[in-house]
Structures are given as structure tokens and as C-alpha cells.
Amino acid sequence: MKEYKLALADFEHASELDEKLVNARNGLEKVYCALNKHQELIKFYSQSIEHNQQNATAYKNRGQTYYTLQDYSKALADFEQTISLNPRWALAHMHRGFALNKLKKHQQAVEAFVQAVELDAKLFDAWFGQGQAYLHLKEYQKSIEAYDQVIALNPKYVVAYNNRGWSYFLQKQSHEAIKDYNQALELDPKYVSALNNRGWARYFLKDYTHALTDFEHALSLDSNHLKALVNRGLTYYQLKAYDTALEVFAQVLEKDAHNVRAWNSRGWVYYALKQYEQALADYNQALTLNPTKPISLYIDRAWIYAERGDFQQALEDCGKALCLDDAYPIVYAYRARVYCLQGHPDQALADCERALELDTHCADAYAVRGLVSFHQGNYSQARNDFEQALSLGKNLFWIDEEFASVCGILENAN
């Protein structure tokens, strides 16, 4: 570090004596980069542009510096100026794509990355950025195909395996996702994100023992990885180790009192323990902290209202959720349960059918339809639906009594 500072003083002095000394300016740029003196770099590149407004390299380098400083709008402007001066510079198109991704302009980002790889098909970072953009656009198959290109060009690109795994997971291909997480961890055994993601894929496959192992391994490497900590709590919830789950969520909230997932998930635990007031308080807190994405929070709170017999409030929350997304299957399943508890089986069944039209794997819809059949005395249909619901992997403790009753009734009948 001392040598860099001495060099910096020499280069700055030389540059002041004669701004046209190329070697001094090149040395000054390298030292600024080595010392992470970003504001000085901005000034340096701006001076270069003042001397020569056709200097595409200076615009590109200043744009990268703005990007490092997270000033993505200024970075984008510089990358676009670079392209106007040198339209066939693949790197400039790629960096423009990364800036657009950060500005959440993902479709434009895709177009920028496509231009980059058309100019240089071996630019694997551009394929990587394209995969990121498609992931944000929820075009998961295209995201996978982009990451395929990355991995073909650079088989040791560990993050590409992790991101492709996440794309597979979001396509409900958990086994393929796990293969990619395994590959990422083979390249980097301490890659915490891949450990957490593999645990989450195993969680959805009901492999709770191995999921818990992954989350705990991730936390042993990074005790402040809150996603892994919340996921650990959720795994204990699925294992019905409710006291342990509460302890884990308390740890999360001690580290981050604004963690919406922790408030929401702890609400599930309190509900399972039939501590409805505590559950309701946690859901209200989650909604207060996250008023912009409340669909799942509304339906969870609706569940509690229904359990307390506040059916009108439960239906209102379901209605609020459907106003935000009328193609969200779990909302129909939850509203079906409210109708079931109210004694309106026809409306409940209609909502169950709508939920299953939207998602044939909606466990709650099968569970509620099973409840309706149970109350109507159709025990064979009830058992079929309960078994289907339970096979889908959710912790459906609220049908335990009815399922046990159905099995007993059918066994006695035989």
C-alpha cells in the first residue's frame, strides 16, 4: 500500500507538469484502480473526455466506475455514448445490459446482451447477463438456455450453475436444480448461496433431513445468512418441531426486526400451536413492513380470521389478494376453506375447482375439497383428496383429525 501511495504522488506530479505525458497518465490510472479511488477515477476519465470527446474508451471506463459506485443511470449514459462512438464494441453493449438490469429494465437488457453476443459469441459474461435478465422476466427456459451457453464457454463459472439451478427450481424441476447446485458446490464447497438453494430445493421435495443439513452447513459458513436461517426455521415447522422453529425465528428477528419472511413464518407456527392472537399480530406486522407485496400475507391473515370465526374479514382479505392477482390458485383454496367453515359447500367446491384449474399441485385445494367430502359423508373421496394433498408435501396439520377419522371410518366399514 505504501508503494502505491508513493507511486501515486509521483504520477500525479508528472501529470501536473505535463497532462500529455501518456505513461504518467496510464500509471496514474492504474494506481487509482489499485487503491479503489473511484471519485479520482471519475475525474481522471472526465478530463480525458474533455481533451478528446471521441474517446470511447474513456466513456466506457467512466461508465464502469459509475457502475461500481452504483450510479447506474450515469453508467448507462456513458455506455450508450460509448456505443454511439463505437457501435461494434461488444463489451460496451454488455456493460449497457448490466446497467439496464440494475435499473430493472430487463427487456432492454436482454436486447443489449443479444447485441453483445452477436458481436462476440464467446463473451460468456454477456450470456450470463442475458440469463439474469430472463430470470427477472420469469422466462425461465430462456434463462436456462443462456446459462447453458455460459457453462459451455466456461465450465468453471460457479455462479452460472447456481443461477441455472434457480431457474430449474422456479420451473418446478427440483431434481435438475439440485444437480446444478451439486456442481456449483463441487467447484466451491463453501458457496453459501448454493448450499441454501440446494436446501430449499430439498425442502420442496420433502427431504427435510437433508434440507436441514444444507441450511445448517450454510449457517456454519455464514451465521448472518438470514435466508438460510429463515429456511431452517421453516424446516423445523414442517417437521412440527414448533418450539425450535420459534427459537430460530426469534434469532432472525433479533438480527433483523424488519424481516418480513420471519414475521410471516412465525405466524404459521403460532397458528399451528392454535395461538391465534400471536399469529394475527405477526401477520399484521408483516403487512405493515411490506405493504407493496401483500398477497401471501393477506391470505395467511385470512386463514387466521377464518379460524377465529371472523369470516367476513377473512373473505375481505381473500378479496384484496384476488384484486392483486386473480390467477393466484392458493387464494381460491383459502377462500374455499372459509366457505367450508361457513357451511357453504357449493361455493367451497367451486373455488377448489378454480384453484386446481390454475395449479393441479395445489395441496390446499385438495385438502379443502377433502373436508367438504368428509362433512358430506363421502369418506372415500375425502380420503383420496387428503392423501393427494399430503403427498404434495405441505404441513397440513389442520386436516389431521379429519384424515384420521376418515381412515378409521373406512377401516371399520371394511
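How does the span expected for the 13 residues of helix 10, at 1.5 Å a residue, compare with the distance between its end C-alpha atoms? The expected span, defined as 1.5 Å times one less than the number of residues in a helix, should be 18 Å, and the end C-alpha atoms are 19 Å apart, which agrees. The model examined here is predicted, with local features requiring pLDDT of at least 70 and side-chain atom pairs counted only at pLDDT 80 or more, while totals for chains, interfaces and linings use all residues. Residues are numbered from 1 along each chain as its sequence is written, and side-chain values use heavy atoms, with hydrogens and water left out.

Helix 10 is a convenient place to begin. Helices are DSSP runs (H or I, at least four residues), numbered from the N terminus. Of the 13 residues in helix 10, 10 are buried, so the helix is largely enclosed by the rest of the structure. Buried here means under 20% relative accessible area, exposed means over 50%, and partly exposed falls in between (1.4 Å probe, protein chains only). The buried set includes Val158, Tyr161, Arg164, Tyr168 and Phe169. Helix 8 (124–136), helix 9, helix 11 (174–187) and helix 12 are among the elements that cover these buried residues. Just after helix 10, Lys172 adopts a positive phi of about 65°.

Salt bridges come next, each being a side-chain nitrogen of Lys or Arg within 4 Å of a carboxyl oxygen of Asp or Glu. The whole structure contains 21 of them. In one, Asp148 pairs with Arg164, with the closest N and O atoms 2.6 Å apart. Asp148 belongs to helix 9 (residues 140–153) and Arg164 to helix 10 (residues 158–170), so this pair ties together parts that are 16 residues apart in sequence. The two partners sit in unlike surroundings: Asp148 is partly exposed at 31% relative accessibility, whereas Arg164 is buried at 14%.

A second salt bridge links Glu277 and Arg308, again with 2.6 Å between the closest N and O atoms. Because Glu277 lies in helix 17 (residues 276–289) and Arg308 in helix 18 (residues 295–308), the pair ties together parts 31 residues apart in sequence. Arg308 is partly exposed, at 32% relative accessibility. Helix 18 also supplies Arg301, whose side chain meets that of Asp317 in a salt bridge of 2.7 Å, N to O. Asp317 is in helix 19 (residues 311–324), so this pair ties together parts 16 residues apart in sequence. Asp317 is buried at 2% relative accessibility, and Arg301 is buried at 12%. Returning to the helix 10 region, salt bridges with shared partners join Asp148, Arg164 and Asp180 into one network.

Arg202, in helix 12 (residues 192–204), is buried with a relative accessible area of 16%. Its contacts (heavy atoms within 4.5 Å), leaving aside neighbours within four places in sequence, are with Ile178, Asp207, His210, Ala211 and Asp214. The side chains of Arg202 and Asp214 also make a polar contact at 2.9 Å; such a contact is a pair of N or O atoms within 3.5 Å, where, within protein, one must be able to donate a hydrogen and the other to accept it, and residues adjacent in sequence count only if both atoms are side-chain atoms.

Finally, the structure holds 0 disulfides, defined as pairs of cysteine sulfur atoms within 2.5 Å. The sulfur of Cys362 has its closest cysteine sulfur in Cys352, 8.3 Å away and too far for a bond. Cys362 is buried at 4% relative accessibility, while Cys323 is exposed at 70%.

Definitions and conventions: Helix = DSSP H or I, 4+ residues; strand = E, 2+ residues; numbered from the N terminus.
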